[in-house]
Each structure stands twice: as structure tokens, then as C-alpha cells.
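Subject: A structure for you to explore

Hi there,

Here is the structure I promised to pass on to you. Have a look at it first, and then read on for what turned up.

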Amino acid sequence: MIEVDISEFAKKRWWVDQFAFVVLEKIGQKHRHLNLQDKEMISIKNQAEIEKMRKAGKLAAQVLNYIEPFVKEGVSTLYLDNLCAEFTQKHGATSAPLNYHGFPKSICTSVNDVVCHGIPAEKDILKNGDIVNVDVTVILDGYHGDTSRTFMIGDVDEKIENLVSRAENAMYRGIAAVKPGKYLYEVGKAIEKYISKFGYSIVRSYGGHGIGRGFHEDPHVLHYYSRENKIRLEEGMTFTVEPMINMGQSYAVETSPVDGWTVTTADGSLSAQFEHTILVTAEGAEILTQIK
Ligand SMILES: [Co+2]
């Protein structure tokens, strides 16, 4: 009878659905990957992973707080590197930059016209009026926390002070644009809208990045407006917002042919940067690298 056939079919369907449900549930609990355009693989962190990200983020923030009073006129950037490395180890973590694609130190120290990836060195002594970005990334229990701040040494010219505080504001504007359902390009759009009125430029060759088990995961986060970042934000995504703002009108940068790392502004103008690791939440963004 037809009725029997239908119920048999329905039974089979039910088992297929159950099986699919259980599998999806398992994947969801473990680690869900979203397949987006350009085959970008953005990991969605589950609750356990988020907890680990919070711990790693908090430690990275603690390293910056710890180093702040040492960032003074007369100290070498290598001294800061040593202190940060020691503090990180003491807290059961490792410094992610060390040996990352051959990077030789534990933190990045980028002074004045250095945009990013400056290598700490004994000969690099901080002077009155300098600015220096200290970029810290720790790995704690397998997860990364990445944050940076630009510090001012002694008496800094008012113009430079403005650049630094606006770079920080720009980062917070970008973070404030994060919300599930919105596109990632809103971050760059908000930063660009704010920065454009000062006659500065936003570095394009380097951006923020997804972060988690990996130091640099998808997506690549642009700090200027571009449809390339037409990626729908979802709860559980974790990435950095870290605009590099150049005082000059050109966003062009150069990488040192000598060390292969140090990135400077092409026009020699100063560059400032702030960075936080954030989690996309139902309400917006939770800053993981901030100690409340
Ligand atoms: Co970063």
C-alpha cells in the first residue's frame, strides 16, 4: 500500500535528518568553518575557544601595561624586548613573533617613521620626542592575543601627539563599526571617514587579521574602505583592528632590504598605530586585549 511506502520513506528521511543534525552539531561544537567568497576560511570560535582567546588577550594586555613605565628616554628597544619576553614566559606563555617566519625577537618595536615590524635592537635608544609602537603577541594554551600601542617619549611635539591620539581614536572607530550581520568593510569605512579630515594617510599594504590558533588567520582586515572586505560578520569571529596612520599624505611604505622586516613610510613621515584583538558578539565587539 502507498501509505506504508510513505511511512517507510518518512522513517528513512528521519534517520538521514537525525544523522545530519548530529554531525552538524558536532562540527559546530568543535570548530565551524564558513566557506565564503574567494574561498576565505574564517573560523568561528566556540565557547571553549573564546575562553582561551580571552585569557590570551588579557595576558597580551598585561604585557603592554607592564612594559609601559619602562618605555622611557634612554632605554634600548632590545631592553623592552627582553622584559616582555621574560614577563610572557613567567606567565606560562610564549611570544608569537619570535622565530615567526624567521623574525628574530619577541616583540616588534617601531620607532617614528617605522610603520610596523621594527626589530628590537641594542643600538636603538629611545630619545626625547620619539614615538614608539610596541606590538605584543602571546600564545597561551594554544591561542593568540595580539595588541599594540604607540608610546610617546618625553615631550612630544603637539602635531605628533595629535597623530598618536587620532590613530588610537581611529582604531576605536573601526571597532565600534563591528556588528554581526554587517560587512567587514564597515571597519575600514569608519576609520577612513574619521582619518580623512586630518590629511593623514592609512597604510594599505598591511592590515588586521583573523586570529586564534593561528597568529594570522582569515580574514584580512582592511583599514580603508574597500568592497574586497565584503564579508558578513558573524558572532564568534575573532580578528584584530590595527590601523597604521601616516602623518604624510602617502600611504606608500618600504621594507628594509637590509633586515627584510622593518617597514617604513616611503616619504619619511611619522607613523602611529594601535591594535586590539576583538571578538564579534551579539551586541557588537568585545575587546579581548583590554583589562577592565
Ligand atoms: Co596584528
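Let me start with a puzzle: which residues of E16 are on one side, and which are on the other? His276, Ile278 and Val280 are on one side, Thr277 and Leu279 are on the other, and all of them are buried, so to speak, with both faces of E16 covered. Counted along the strand, 5 of the 5 residues of E16 are buried.

Before going further, please keep in mind that this is a predicted model.

**The whole chain**

The protein chain holds 5 helices and 17 strands. It has 292 residues, and 44% of them count as buried. If you take the contacts between residues at least 6 apart in sequence, 69% join residues at least 24 apart.

**Around E16**

Back to our strand and its partners. E11 pairs with E16 in the antiparallel sense, over 4 bridges. In that pairing, Phe239 has Ile278 in E16 as its bridge partner. E16 is also joined to strand E17 (residues 285-287) by 3 bridges, and these two strands run antiparallel as well. Here Leu279 stands opposite Glu286 in E17. A hairpin of 4 residues leads from E16 to E17.

**Helix H2**

Next, find helix H2, residues 47-67. With 21 residues at 1.5 Å a residue, H2 should span 30 Å, and its end C-alpha atoms are 31 Å apart, which agrees. Several residues of H2 are buried, among them Glu49, Ile50, Met53, Leu59, Val63 and Ile67. What covers the buried residues of H2? The cover includes helix H3 (77-90), along with strands E6 (131-140), E7 (143-152), E11 (238-241) and E16 (276-280). So you meet E11 and E16 again here, as part of the cover of H2.

**Two helices that pack together**

Two packed helices are described by the angle between their axes and the distance between the axes. For helix H4 (residues 158-176) and helix H5 (residues 185-195), the angle is about 145 degrees and the axes are 7 Å apart. The crossing of H4 past H5 is right-handed. On the H4 side, the residues that meet H5 are Arg166, Asn169, Ala170, Arg173, Gly174 and Ala176. On the H5 side, they are Val187, Ala190, Ile191, Tyr194 and Ile195. Sorted by kind, the residues of this contact are 7 nonpolar, 2 polar and 2 charged.

**Two small sheets to trace**

One open sheet has 3 strands in the order E8-E12-E15, paired antiparallel. Why is one side of E8 (201-202) and of E15 (271-273) left without a neighbour in the sheet? Both stand at the edges and each has a single partner strand, so nothing in the sheet lies on that side. Between strand E12 (residues 244-246) and E15 there are 3 bridges, and Ile245 has Ala272 in E15 as its bridge partner.

Another open sheet of 3 strands has the order E5-E14-E13, again with antiparallel pairing. At its edges are strand E5 (114-116) and strand E13 (253-255), each pairing on one side only. On average, neighbouring strands of this sheet are turned by 40 degrees against each other, direction ignored. E13 pairs with strand E14 (residues 263-265) over 3 bridges, and Val253 stands opposite Thr265 in E14.

Enjoy exploring it!

Best wishes

Technical notes: Residues are numbered from 1 along each chain as its sequence is written. This is a predicted model: local features need pLDDT of at least 70, side-chain atom pairs count only at pLDDT 80 or more; totals for chains, interfaces and linings use all residues. The expected span of a helix is 1.5 Å times one less than its number of residues. A residue is buried if 20 or more other C-beta atoms lie within 10 Å of its own, exposed if 12 or fewer, and partly exposed in between; C-beta atoms are placed from the backbone. Two residues are in contact if their C-beta atoms, placed from the backbone, lie within 7 Å. Axes are lines fitted to C-alpha atoms, for helices over the stretch in contact, and angles run from 0 to 180 degrees between N-to-C directions. A crossing is left-handed if the near helix is turned anticlockwise from the far one by less than a right angle, and right-handed if clockwise. Ala, Val, Leu, Ile, Met, Phe, Trp, Tyr, Cys and Pro count as nonpolar, Asp, Glu, Lys and Arg as charged, and the others, Gly among them, as polar. Two strands pair if DSSP finds at least two bridges between them.
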